[in-house]
Each structure stands twice: as structure tokens, then as C-alpha cells.
Amino acid sequence: MILILKPNIDTESREFRRIEEHLKNFPNIETRVHRVQGAAQVLTEVYLIGNTAALALEEMKSFPGVEHAVRVSEEYRVLGRHKDDNRPNHFHYNGVRFSQDNLHIFAGLCAVDSPKSVEEMMRALRENRQVCTRMGAYKPRTSPYSFQGHGKNCLPFVFELAGKYGIKVIAMEITHESHIDEIREALAKTGNPTGVMLQIGTRNTQNFELLKSVGRQQEFPVLLKRGFGITLDESLHAAEYLASEGNQKVIFALRGMKTNIGDPHRNIVDFAHIPVVKRLTRMPVCCDPSHSVGSRGRSSDNVLDIMHVTAQAVIAGANMILVDFHPDPSVALVDGPQALRMNELSKFLEDVAIVREAYEKRVALYKE
Ligand code: PEP
Ligand code: MN
């Protein structure tokens with residue numbers, strides 16, 4: 001059961017102590033308190049874990065400090081949707097609203113290679129009125145001999161350039177908890193010119209200790225990629241690890257599943273799960289067409305497979321698109337073959353706008 005306390009009520013209040021007193025009658029019930037930062041206020045949510053069937057929902061709702069109580073009816077306690085659950089399906093970060101109802105494009109470099117590439121990328125983003133990007137500094141690579149990313153050394157120039165070009169949120173993969181501190185320090189040293197969304201890559205979806213570390217901080221939102229060889233349920237539980245530690249600002253990313261059945265694409269596209277994730281949980285859903293398709297294949301209609309797959313995501317209600325671009329893919333140090341070029345950005349965005357409009361018309365069609 002989840003108790004959502006009234007906005008001015010916290011765990012120090014007399015009202016909360018009354019609830020605690022009542023719960024002492026139920027020794028098999030444990031409480032976990034989450035402080036959830038909304039746009040205007042901080043809300044306290046109390047998760048009751050254990051034999052909560054013994055609690056009467058109406059009685060819990062009637063406590064003076066309780067705004068709303070929800071009986072957990074489904075899996076994914078924190079991020080899931082439950083019966084009569086009116087908790088939000090959105091969050092704000094650095095002035096940007098992430099929601100199951102809107103859409104953001106994160107076009108950027110798979111891996112940061114040089115200040116020049118970063119600047120060219122960010123200049124193109126500003127010209128196209130974009131405030132989000134992706135920039136890989138810590139790269140998990142199949143071979144230990146491949147370029148591993150510039151790590152913390154590139155953070156100062158990436159953040160400074162982001163500030164210069166008005167970028168508000170950078171999706172950046174981390175592979176170790178120490179990277180959180182490196183990012184926090186580099187942001188502070190450069191005067192916090194931008195924001196970072198910590199990305200957990202598909203190879204780390206079930207790195208539970210990393211998930212717990214990322215979940216314990218609430219400063220940065222998290223982009224969790226679906227594990228490429230596990231079930232959707234297992235990946236959604238991974239997201240729940242983040243939330244159960246206190247961070248509910250989580251976006252769930254589909255990026256294709258590893259199987260040769262997807263050939264000649266790098267992975268088999270799994271964007272049919274967008275509505276499933278939106279139905280089961282309150283997380284906005286991201287799709288990564290670049291790592292799904294993995295190449296610049298193009299069909300007889302002259303449209304890149306990456307564009308077609310992006311359209312499939314957007315028309316099904318995706319809330320974020322994470323896509324690789326590079327000013328000169330032939331010299332990119334990671335994933336050059338799947339990178340789009342700067343002069344393809346405006347058409348990419350135009351294509352997305354066409355499809356988003358079609359998605360909105362489709363939703364209107366089914367509204368009673
Ligand atoms: C990436 O986005 O750069 C990446 C490595 O993705 P994934 O974890 O989905 O392979
Ligand atoms: Mn990549």
C-alpha cells in the first residue's frame with residue numbers, strides 16, 4: 001500500500017506520528033519513505049511493505065495527514081500503475097518536462113571524441129532549437145582494446161559547450177558509481193551550465209549495485225536501457241531498483257533485442273512494447289533507433305531504416321528518441337556506421353514532427 005501524504009506533511013509531523021502509532025499494531029508491515037520532488041512541491045510517499053491486506057484502505061485514507069492511499073495491485077510497486085493510482089507520469093528536470101504525454105529528441109554523439117565534434121553537434125542542435133542531446137564519455141565496449149571513451153577528461157569541455165549552446169539535458173552513460181561524482185564535480189567546476197541524465201546501458205541493466213547507487217541519488221534523472229537478452233518484466237524490475245532506492249525520475253528505453261533473427265539490423269526492433277510499458281508503469285518511454293538498426297541502410301523509398309524505425313516509435317507514442325549523429329561519421333571512434341549527419345538533422349526533426357502529429361490524431365480518434 002502507498003500513502004501519499006498532504007503536501008505540508010512530512011515524517012516529523014504530528015500527523016505522521018499518528019500513522020506510525022497505528023502501524024505499530026501491525027508488526028509484519030515495514031515502511032519505506034520516499035520524498036518526491038514535484039514541479040512546485042515535495043511530496044512524501046510512504047510505502048507499506050508486508051502483510052498490508054490487514055490494513056483497511058478507507059481507514060488509512062481517513063488519517064488527517066493522508067492525501068491519498070493506493071493499494072498496490074500490480075508488480076513494480078513504485079513505478080507501476082495501480083488501481084485508483086493518481087501519482088504523476090511525469091517529472092521535471094532542469095526546466096524540461098519529461099512525461100508519458102510529450103516527446104523530446106536527444107540527438108548527439110554516441111561517443112565524445114573531440115571538442116570540435118561536440119561543438120559542431122551542439123551548434124546544429126541550437127540551430128534546430130533543440131535543448132537535449134546525448135554525449136557518451138564512458139563507453140562500455142565489447143573489446144578491451146577498443147576506445148573506452150574520454151571519461152572525466154572530456155566532461156569540462158562538454159559541459160561548457162552545452163552551456164554555450166543552450167543545452168539543458170545531456171544523456172550520458174555511466175558504468176560505475178564513481179562516475180556520478182565525477183559528473184557532479186565537473187558540473188560544479190564549470191558552474192552548472194547544463195544538466196545530465198544518467199544512462200544505464202543495456203549491458204548494465206541488471207548490475208544491481210550500480211542501480212542501487214544511481215537510485216540513491218535524486219539529483220540526476222535516469223535513462224534505463226532495457227537489457228538486450230532478458231524479458232521485459234526483468235528490465236522493468238531493474239527500473240524498480242532505481243525507484244525503490246528513492247529515484248523515481250526514470251525513463252525506460254527500448255533499444256532492440258540481441259538476436260540474429262534481426263539481421264541485417266543490429267538488433268531486432270522492440271518498439272511494439274512502447275504502449276505496454278506506458279500501461280504497466282508511469283515511466284516515459286524512450287526509443288533508440290540507432291542501436292536498434294545499427295546501420296545507414298536505406299530502402300527504395302530513399303528513407304533510411306533509422307528514420308522508418310524512429311517513425312514507428314513516434315507513431316506508437318514514444319516520449320524520447322535517443323539518436324546518434326556525428327559531423328563526420330567516417331572518423332567517429334564508436335558506432336560511425338549508424339550515425340546520421342549534421343545536414344540530416346532538420347529533416348529528421350521534420351519527419352518526427354509529421355509522425356508525432358499523426359500520433360496525436362490517432363489518440364484523438366479513440367477518445368470518447
Ligand atoms: C549507447 O547508447 O551508446 C549504448 C551503448 O547503448 P546500449 O546500452 O543500448 O547498447
Ligand atoms: Mn553506441
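Biologist: Is C110 buried or exposed?
Modeller: This is a predicted model. Buried means under 20% relative accessible area. C110 has a relative accessibility of 5%, so C110 counts as buried.

Biologist: Which protein residues are donors of the manganese ion (ligand 2)?
Modeller: The donor atoms lie 2.0 to 2.3 Å from the ion. In sequence their residues follow the spacing C-x180-H-x43-D. The donors are C110 (SG), H291 (NE2) and D335 (OD).

Biologist: How many residues apart are C110 and D335?
Modeller: The pair links distant parts of the chain. C110 sits in the loop between β7 (104-108) and α3 (115-127). D335 sits in the loop between β14 (320-324) and α11 (345-366). The two are 225 residues apart.

Biologist: Is D335 buried or exposed?
Modeller: The cut-off for buried is under 20% relative accessible area. D335 has 18%, so D335 is buried.

Biologist: Which are the edge strands of the open sheet of 8 strands?
Modeller: The order is β7-β14-β13-β12-β11-β10-β9-β8, with parallel pairing. An edge strand here pairs on one side only. The edge strands are β7 and β8 (132-134).

Biologist: What is the average twist from one strand to the next?
Modeller: The strands of this open sheet pair in parallel. From one strand to the next, the twist averages 25°.

Biologist: Which residue in β11 does Q199 stand opposite?
Modeller: β10 (residues 195-200) and β11 (residues 222-225) pair in the parallel sense over 3 bridges. Opposite Q199 in β11 stands L223.

Biologist: At about what angle to β7 does α11 run?
Modeller: α11 lies across β7 and β14. Its angle to β7 is about 160°.

Key: Residues are numbered from 1 along each chain as its sequence is written. Chains are lettered from A and ligands numbered from 1 in the order in which they are written. This is a predicted model: local features need pLDDT of at least 70, side-chain atom pairs count only at pLDDT 80 or more; totals for chains, interfaces and linings use all residues. Side-chain values use heavy atoms; hydrogens and water are left out. Donors are N, O and S atoms within 2.8 Å of the metal (3.2 Å for Na, K and Ca); water is not among the atoms, so sites may look incomplete. Helices (H or I, at least four residues) and strands (E, at least two) are DSSP runs, numbered from the N terminus. Buried means under 20% relative accessible area, exposed over 50%, partly exposed in between (1.4 Å probe, protein chains only). Two strands pair if DSSP finds at least two bridges between them. Axes are lines fitted to C-alpha atoms, for helices over the stretch in contact, and angles run from 0 to 180 degrees between N-to-C directions. Contact means heavy atoms within 4.5 Å.
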